[in-house]
Every structure is written in C-alpha cells, then in structure tokens.
Amino acid sequence: MSFPIVRHRRLRQSAGIRNMVRETHLTVDDFIQPIYVTYGENIKSEIKSMPGVFRFSLDRLQEEVKEIADLGIPAVLLFGIPETKDSIGSSGFAEDGIVQEATKLIKSWYPDLLVVADTCLCEFTDHGHCGMVHTVEVDGHICGDVLNDESLELLVKTAVSQAKAGADIIAPSNMMDGFVQAIRAGLDENEFSHIPIMSYSVKYASAFYGPFREAADSTPQFGDRKSYQMDPANAREALREAETDVLEGADMLMVKPSLSYLDVMRTIKDQFDLPLVAYNVSGEYAMVKAAAMQGWIDEKKVAMEILLSMKRAGADMIITYYGKDASRWLAEK
C-alpha cells in the first residue's frame, strides 16, 4: 500500500496545532473604527443602508467613543456632516467645523485614542465633489471639472485646521495630483511636522461606496469622480500612484476599497516598505449585513474571514465598520 510522501493534514488535525502554525493573526490593534458626527442635539440616527452604524450629534458622541475605547480599539476615523455647505467646502476647514469640534472633544475624553481625520471636501461642498469645480451648462445640464491645483490650497487649509484641533493622523482621501506634497508642506510650515499622513494612495472609483454617500450626504450633484479616482480595471497604475505618494512624503499608504482589490494590496505591500492600510468600505459591510439579516450567511464567520483576507494580503491596519463587533468576537476566544 502506497502513502503520500507529504501529509499536509498532520498540521490540521487539532485546534491546538492549527493555532500554532497559523500564519496570519487579527488583533484589536489592527482596527480603525469610522465615526459619523453631525450637528443638532440628542441625535443617534441609524444609517439605513448600514445597519448598526449611526450618525451622532456632539452631545451623544461620548457614548460611542467610550464603547470604542473600552473595547481597546486604538483609533477612530472621523467624518463630518456639516450644518451648511458651499462651493468651496469652507465648513471643512473652519476652526469650529464639525470634525474639528469632535476631535477636540474626543482628545479631551480619551487622550490616548488616536483620531484620524479624513481630509476631503466632498461632505462639505454643495456640489459633492472633492475640491473646487468649474461648471458650465450644456443643453440644460450642469457639467464641470474639478480644479486640481486650486483644490490643493483648500485641502491644505483643511489638514492644518484638523491638526490644530488635535488630530493625530491626517488622512487625505481626495485623489488630487500632488496632494501629499502640498499637505506635507502645509503641516510642516505650521509646526505640525510630527503629524503623519495616511494617504488614500490607491482609491478606486468604486460602486462599493454607495452606502457611504448616504451616510455622509456626499453624492456628486453632477457627473462622477472617475476623472480623479482610479479605474477599477487598472493595477499597474496603482503602483504609480503609490510611488508618487511615497516620494511626496506619505507615512502610510492605503488601498480603498480592499475586498475586491486584494491583489493590488499585496503588490503595494511587496513594493513599498511603508505601513499599509486597508479600507473595508461601506458597500462591503452592507452586503454582509444584508445577507446575514436574511439568514443566508453566518455574519461573524464571514466578516472575520474578510478581515483576515485583508490582513493576509498585507494590511497593517484595517479601517472597518466591523471594528467593534470584531473586537468583541476576538475577545470571546
């Protein structure tokens, strides 16, 4: 009777052996939990397309932050829904802007909890694009283009205002050419040379952002973002984007979304010796939630498998709406 020369199953036969030889591990230190803050009083409103995710007014924010801190999650990513919007997103860089006020409160409550500030203008502009736009009317329809260099000036002001408010990490997500260099220079000139930049280096024009646009009220009022976010068909272009950000001074690189771009994540991780961030985006979260609510999948097992796949692909950190749940599930072991 012949036997296999190699018996791979020897290392799978018990939980103890499987645990010892496991190559990839998730821990609570991997997670960054997004938070949505809004104006008003006594607001904790669930986002319809993202069950379990809420918008919080500043007077209800502490309950969410306390839960996150008590779970041991090391960082939060802040998104703000402003009281007013205009063509340049001025509420995004106001000293008393919603993100700035939330940052001050969080750092006063939990000084050791890292605040990551999303640096973009789409939530704050009345047109929903990530910078200044030039618009024209064609056959009764509004058309336009995002002005790259003019937008950089506003993004620098936003980053500096966030740093002044106490943000620990600046995370620019706008995908303007030259945004890392401009923000790095602006931070350095304002005595924030110690503040790292977590660059949304590889951000695709993805359909997986749909629920976020409801959550942040940031749907473009005309056109789309394909002229500045990446084509989902392109992988080599991601290397050029990441290399540019490295040369401009980025401290961390990000791939967004992550689940459909694990190949890109692995390539970036192998090519560049910087910490890599995966963004487990709103549409990825919503799909799992919807299927779980129908009883079609085991939510815990599927969500943890997805997060593990991102870590396996090279992620050092994962921005995820499952941060709180995953931290609880890990604590059950």
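At 69% relative accessibility, Glu191 counts as exposed. The cut-offs are these: buried is under 20% relative accessible area, exposed is over 50%, and partly exposed lies in between, with a 1.4 Å probe and protein chains only. Glu191 sits in the loop between α5 (179-189) and β9 (198-203). Helices here are DSSP runs of H or I with at least four residues, strands are runs of E with at least two, and both are numbered from the N terminus.

The model is predicted: local features need pLDDT of at least 70, side-chain atom pairs count only at pLDDT 80 or more, and totals for chains, interfaces and linings use all residues. Residues are numbered from 1 along each chain as its sequence is written, and side-chain values use heavy atoms, with hydrogens and water left out.

**Backbone exceptions**

Most residues other than glycine have a negative phi, and most peptide bonds are trans. Glu191 is not a glycine, yet its phi is positive, about 65°. Asn42 also has a positive phi, near 55°. Asn42 lies in the loop between β1 and β2 (44-46). With a relative accessible area of 55%, Asn42 is exposed. The peptide bond from Lys256 to Pro257 is cis, with omega near -10°. Pro257 belongs to the loop between β10 (252-256) and α8 (262-271).

Two glycines with positive phi come after helices. Gly166 follows α4, with phi near 115°. Gly295 comes just after α9, with phi of about 80°.

**Two helices**

What span should each helix have, and what is the distance between its end C-alpha atoms? The expected span is 1.5 Å times one less than the number of residues.

| Helix | Residues | Length | Expected span | End C-alpha distance |
|---|---|---|---|---|
| α4 | 148-165 | 18 residues | 26 Å | 26 Å |
| α9 | 282-293 | 12 residues | 16 Å | 16 Å |

The values agree for α4. They agree for α9 too.

Burial is marked along α4: its buried residues include Ser151, Leu152, Leu154, Leu155 and Val156. Thr158, Ala159, Val160, Ser161, Gln162, Ala163 and Ala165 of α4 are buried as well. α9 is mostly covered, with nine of its 12 residues buried. Among them are Glu284 and Lys289, along with Tyr285, Val288 and Ala292.

Beyond α9, Asp298 lies in the loop that leads to α10 (299-312). Asp298 is partly exposed, at 38% relative accessible area. Its C-alpha is 9.1 Å from that of Val288, and 10 residues separate the two in sequence.

**The nonpolar core**

A nonpolar core is a set of buried Ala, Val, Leu, Ile, Met, Phe, Trp, Tyr and Cys residues joined through side-chain atoms within 4.5 Å. The largest has 97 residues, of which Ile35, Tyr36, Leu187, Met198, Ile268 and Tyr279 touch the most other members. α4 gives the most to this core, seven residues.

Contact means heavy atoms within 4.5 Å. Leaving out residues up to four places away in sequence, Met198 touches Ile32, Val116, Ile169, Ile170, Ala171, Pro172, Met252, Met254, Val277, Met317 and Ile319.

**Cavities**

A cavity is found on a 1 Å grid over the protein atoms alone, as a set of points where a 1.4 Å probe fits but cannot get out; lining residues have an atom within 4 Å of a point. Points are joined across faces, edges and corners, and the volume is the space filled by probe spheres set on them. Three cavities reach 30 Å³ or more.

The second largest has a volume of about 70 Å³. Its lining consists of Gln33, Pro34, Ile35, Tyr36, Gly52, Val53, Phe54, Phe56, Glu64 and Lys324. Which strand supplies the largest share of that lining? β1 does, with four residues. β1 (31-38) and β3 (54-57) each supply at least two.

**Ala326 and Pro74**

Ala326 is in helix α11 (residues 323-331). Its relative accessibility is 0%, so Ala326 counts as buried. Beyond four places in sequence, Ala326 touches Phe31, Met304 and Leu307. Ala326 and Ala303 are 23 residues apart in sequence, with C-alpha atoms 7.9 Å apart.

Pro74 lies in the loop between α2 (61-70) and β4 (75-81). Pro74 is partly exposed, at 25% relative accessible area. Its contacts, not counting residues up to four places away, are Val28, Asp29, Phe31, Asp112, Leu113 and Leu114. Pro4 is 70 residues from Pro74 along the chain, and their C-alpha atoms are 47 Å apart.

How values were computed:
1 Å grid on protein atoms, 1.4 Å probe; cavity = no way out; pocket = protein on both sides within 12 Å on 5 of 7 lines; lining within 4 Å.
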